[in-house]
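Welcome! Here are some short exercises on reading a protein structure, each with a worked solution. Have a look at the model first, then try each task before reading on.

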Amino acid sequence: PPEPAQLSQPPPEDFPSVQAVQNMRRPQSSLLLLAAALLLSPQSSAFVVQAQRATPKAIHQQRQSMINTRPTHAKRSAAIHLSSDDGAADAALAPLSGNRQKAWQHARKPLLRLGGQGAKLSHGNSLRELLDQHTVVKVKVNPVAFGGSLLQAFDALKDLAVESGADAELELVHVRTSENVIMFGRAGALAVIDAGEFPPPPPPPREEVDGEEGRARRIREEERE
């Protein structure tokens, strides 16, 4: 057995005290108590049972329900639809005259169509490409997909076009409800139309192009007849 003198010696300085050992054990014991409380609670028991019962089929159905509940572009755009009090909407719904009538006639037919499934990102991209090539573009719309409102259809398609990289200042030139047709304009189109700069003037007569030589040629042709 060790000598009494050895037992009375103090422990080394780096040896942990009893209090330090108890403090180190407290976090572990607290975590164990918290885990036990969670396992014994009714909510956690129901969660464990539900997790055990989750089959691959149930997981697939849950994922499908999450996908089906995602908002569509039409619903997102409907929240910011133009109202009948909006000045732009009033002007677009008003009867055409003057330069705007000429612009409507210049765009002879719709270059884009929206069916009963509503507007998709591909439609927005197509409108962006068309407006890169044309000052105005007519779009034929099935209003059923937009709650019967052509103005909501304009909002939805404009949002998708901007999302595809189009200018955010796309303009509403005209809405013809009798034909379910919307005329879109690139940024600044209305100013160009009202100034008479669009549509471009018709080509000059052939006589002006050919000059004196052309007139002389036509005179000779008339004399032959």
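**Exercise 1: a helix across strands**

Which strands does H7 lie across, and at about what angle does H7 run to E3?

*Solution.* Keep in mind that this is a predicted model. Start by finding H7, residues 98-106. H7 lies across E2, E3 and E4. Its direction makes an angle of about 80° with E3. Now try H9 in the same way: H9 lies across E1, E2, E3 and E4, and runs at about 40° to E4.

**Exercise 2: the sheet**

Work out the order of the strands in the sheet and name the edge strands.

*Solution.* Step one is the order: four strands form an open sheet, arranged E1-E2-E4-E3, with mixed pairing. Step two is the edges: E1 and E3 (171-176) each pair on one side only, so these are the edge strands. Step three is the twist, which averages 25° from one strand to the next. Finally, zoom in on one pair: E1 and E2 run parallel and are joined by three bridges. Across from Arg 113 you will find Lys 140 in E2.

**Exercise 3: two sides of a helix**

Find the buried residues of H8 and explain why they are on the same side of the helix.

*Solution.* First, get to know the helix: H8 spans residues 121-133, and its 13 residues reach 19 Å from the first C-alpha to the last, close to the expected 18 Å. Next, list the buried residues, those under 20% relative accessible area: His 123, Gly 124, Leu 127, Leu 130 and Leu 131. They cover an arc of only 125° around the axis, and therefore sit on the same side of H8. What do they pack against? Their partners are strands E1, E2 and E4 together with helix H9. On the other side of H8, Asp 132 and Gln 133 are exposed.

**Exercise 4: salt bridges**

How many salt bridges does a search of the whole structure find, and which parts does the pair Arg 100 and Asp 194 tie together?

*Solution.* The search finds four salt bridges. In one of them, Arg 100 meets Asp 194, with the closest N and O atoms 3.0 Å apart. Arg 100 lies in H7 and Asp 194 in H10 (residues 189-194), so the pair ties together parts that are 94 residues apart in sequence. Asp 194 is partly exposed, at 42% relative accessible area. Then look at Arg 176 and Glu 179, whose side chains form a salt bridge at 3.6 Å, N to O. To finish, return to H8 and spot the network of salt bridges that links Arg 128, Glu 129 and Asp 132.

Conventions
Residues are numbered from 1 along each chain as its sequence is written. This is a predicted model: local features need pLDDT of at least 70, side-chain atom pairs count only at pLDDT 80 or more; totals for chains, interfaces and linings use all residues. Side-chain values use heavy atoms; hydrogens and water are left out. Buried means under 20% relative accessible area, exposed over 50%, partly exposed in between (1.4 Å probe, protein chains only). The expected span of a helix is 1.5 Å times one less than its number of residues. The arc is that of the directions from the helix axis to the C-beta atoms. Contact means heavy atoms within 4.5 Å. Two strands pair if DSSP finds at least two bridges between them. Axes are lines fitted to C-alpha atoms, for helices over the stretch in contact, and angles run from 0 to 180 degrees between N-to-C directions.
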